[in-house]
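Hi,

Here is the structure I promised to pass on. Have a look at it first, and then read my notes underneath.

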Amino acid sequence: MSKDPKQITFIHESTQTDNGPVVCLGMTFENDEARREYFRNELRKKLPDLKQIEGFPIGEDEDIITLSDPPYYTLCPNPWMNDLIEEWESNRGAKKEVNQALAIDVSEGKNDPIYVAHTYHTKVPYRAIMRYMLYYTNPGDIVYDGFAGTGMTGVAAEKCQDSELVRKLMGDDYSEEIVGKRNAVLIDLAPAATFIAQNHSKKTKLPETHDILRKVINELKTEYNWSVSTLGSTLAKVPGKSLNDTYTMYTSYFGEINYVIWSELYQCSSCNQELNYWDATVEEQDGKDVNKELVCYHCGAKLIKRDLEKIFISHFDYVANKIVRVPKVVPVRINYSYKGKRFNKKPDWYDLEVFKWFENYSGYSKITKMKFIEGVETSRPVRNGLFYFHQVYTYKNLSLLDKFLELSDGTGKENEAQFLLGSAISRLSKFNRYMPQHNRHVGPMANALYLPSLSVEINPISQLELQLNKLLNAWSENQYSGNVLSTQSSTSLPIKDNSIDYIFIDPPFGANIMYSELNFIREAWLKVFTNNKKEAIENKAQGKTLGDYTDLMLESFREAYRILKPNSWITVEFSNTSASVWNAIQYVIQNAGFVIASVDALDKKRGGFHGIITTTGVKQDLVISAYKPADESIIQMKSERNTVASAWTFINQHLKKLPVFTGVKGNASIILERTPRILYDRMIAYHVQTGLPIPINALDFQKELAQRYSMRDGMVFLESQVAEYDRKRILAKDFVQQTLFVSDETSAIEWIRQQLLKKPQTRQDIQPNFMIEIQHIAKHELLPELDDLLHQNFLRYDGDGNVPDQIVSYLRRNYKDLRGLEPDDPAVIDKAINRWYVPDPNKQADLEKLREKALLREFDGYIEELEKSKKKLKQFRTEAIRAGFKKAYGEKDFEKIVKVGDRLPESIIQEDDKLLMYYDNASIRLGL
């Protein structure tokens, strides 16, 4: 079988828990078990009140209490959360002040003992989280993750005290002062998630845990080894002998099963004969499986799988305690090991007897009947005739897993056994696929309850042994403890205002993953289920739309804003290719009060980052860095309401938070957050979201911006930042523009700007590539012609007056015959004529004025159109709608915003963070 766990070398053994006195929340207990028992009794008393908190899970009280480890972890809302936070706060040092966002592209792989110990639907490598945590916090700081999942934020907080790892991650930025544990507050709605998170970060007595769990598996093996064995040599059936007796008498004839392939049966649509899917699609060539065309071996008809009907059979289900009708499946191949070699075989008489024995097994003791909840993913097994969670396992695997939990009872390691079972079951279900083209099984389909036609039954005993090794390695890597975990919704937190130093979250993203449905099978083993009322997802079965998802996320982010200390940071990991979800995330971050300072790439080593981002789309995992403004800035802006001063107060504090220089491998790159257009958007967004009047229009903003601040490469800097940028810019070999995905007018303008920053160009130079880039423009978007975009946003030299410095510099770099000539020389003028270039800020303001007038004229045209018809607008310039909404908001004409917004397709409002911002805030002010 798998490698003997006794060969594992335990590390950090000096940190093992012992049976000595334990101090917890000011109380001293004889040992950890006494501490646990005291707080479990206290938890039992508090449950009636805790059940009123959003997200209290579905389950029996005693199951919740048994799986909890209070006061640190509860499988329900944790009533000791604030007590532990106060204790941490009283023992910490000075808070770390971080003035600039960490703007780096982080790359961290998944090949780590802790990361691979237990599967989950999505994870961020904890080492990647550590990079941010080490930058934004000091030892002793309190960090929060409201969508904790498997607790990687908690692991990162604990591993910050591993000086060797910290040195490796930080490189030249390493210092002893940053080494030290951070204290993590972890919350998730899913009992499956918090249970995994607790076991990832618990301090475990490794030798004792190893010995007990190994003993349980050995007992299981001793009792049931005959069931995971197959004949490697010919042996006739022994009359009158049981399977176990036959195995015991002829052990040398048997090999160990690695896996069994099961095939569904269908009815041929041509001849109505029973069709074994394996026989109809797989053939062997040179010892390898090859997918062939689906052909009926009875009549020779070529078939299409989706046109075939599955064959069902009825049998008595001993867990459901009734006759059920399920898809008919048959074992078609056994892969086994015999005398050191691997072989394949068809099931023989012994194997068929084993399968039949388990079909009639009725001794289940740890499994209860649990029907699948209604859902998007849970409908898959239900449509296939599997109505209960236990039906996704073969009879043998279900029986042996049940027996494993039974044998662990009374060992004192019941929760560790449950954790081990959870780490193994993803590969032990019928979702495990066999792929003939790969000649192997490839595991379940990610984030889907997909039942394949060819499923694989893995040897459960060897899988438990394999996973035990992984868990022991993970626990030996992480022998720290002390985080607080709570199972509840993050939309309503029992945490005091301004008590958290830093937040890292990897929240759910729209309809990406159906967490509560995918967790249902795991939670059925725990017998405690997710209360999905406040689950922030898009889900048809739950009746949740993108708007519902956005509202729930907004509740969670507002709570995160409330508990975060002023002038502190939040890092949001984003992994969704949907433009609407990307815009929803930006909207909720800003609407909650945070200010976005940087968006960077996170590489989880899944093939690299070649994705693209704009304000409307994302094709890669991103990390959004945002901050909660300092109290003094908020107070000052409120005192400056109805004056332009509040705009510059915001810009002053915002520029301090932005990275000064970004680039890799000797190249400098544009910092989009420092461009005038994005700065204006951030300033407007903050004022609208906080209920402050819009203090300045785009024209005046552009003019004054150029007068107040220093400009470099189209970016805005404080005077105190210019020297640093210039010094690093000189050392850069090249200036790399950020790749953009053109999907609307704003991104089209930005794409043109980037091309012209590289070099001034004629319309003919720009047009071919522009036509390629605009292929992905949204159907509703009325994109202006290239000529209009150029005239409204850029300047062209047409031979009238001196050649602009920007063009002269370009020409002299690229045309040898121009060297030494003055700007007004005919040769320079001749080559400069009709080249478009990015205007300097003063002239940019004039263009903004012309552009805004044109956009408002177009918006007024939409108003007239809507007054004549009751239909929705199907095509329009989004930029014109944005400009009209901004003007109406400034004039407090909220009714106009809502009136127009209601006539736009709902998806457009949801997919555009600026339109949603104006529409939502206007609706609130109208009391809608």
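The largest cavity is lined by 33 residues, and the ones that lie nearest its centre are F147, A148, G149, D188 and P508, so those are handy to click on if you want to find the spot. Before you do, bear in mind that this is a predicted model.

As for volume, the largest cavity comes to about 390 Å³. Three elements give two or more residues to its lining: helix α6 (152-159), strand β7 (183-188) and helix α17 (515-526). What is the lining made of, by class? It divides into 14 nonpolar residues, 13 polar ones and six charged ones. If you go looking for others, the count is four cavities of 30 Å³ or more.

The other thing I looked at is a pair of helices further along the chain, α26 (residues 763-773) and α27 (residues 786-793). Their axes come within 11 Å and cross at roughly 125°. Why call that oblique? Because an angle over 115 but not over 145 degrees is neither roughly perpendicular nor roughly antiparallel, α26 counts as oblique to α27. The crossing of α26 past α27 is right-handed.

Which residues make the contact? On the α26 side they are R763, I766, Q767 and F770, and α27 brings L786, D787, L789 and L790. Sorted by class, the contact of α26 with α27 has five nonpolar residues, one polar and two charged.

Over to you, and shout if anything is unclear.

Cheers

Conventions. Residues are numbered from 1 along each chain as its sequence is written. This is a predicted model: local features need pLDDT of at least 70, side-chain atom pairs count only at pLDDT 80 or more; totals for chains, interfaces and linings use all residues. Side-chain values use heavy atoms; hydrogens and water are left out. On a 1 Å grid over the protein atoms alone, a cavity is a set of points where a 1.4 Å probe fits but cannot get out, and a pocket is an open set with protein on both sides within 12 Å along at least five of seven lines; lining residues have an atom within 4 Å of a point. Grid points are joined across faces, edges and corners, and a volume is the space filled by probe spheres set on the points. Helices (H or I, at least four residues) and strands (E, at least two) are DSSP runs, numbered from the N terminus. Ala, Val, Leu, Ile, Met, Phe, Trp, Tyr, Cys and Pro count as nonpolar, Asp, Glu, Lys and Arg as charged, and the others, Gly among them, as polar. Axes are lines fitted to C-alpha atoms, for helices over the stretch in contact, and angles run from 0 to 180 degrees between N-to-C directions. Angles under 35 degrees count as roughly parallel, over 145 as roughly antiparallel, 65 to 115 as roughly perpendicular and the rest as oblique. A crossing is left-handed if the near helix is turned anticlockwise from the far one by less than a right angle, and right-handed if clockwise. Contact means heavy atoms within 4.5 Å.
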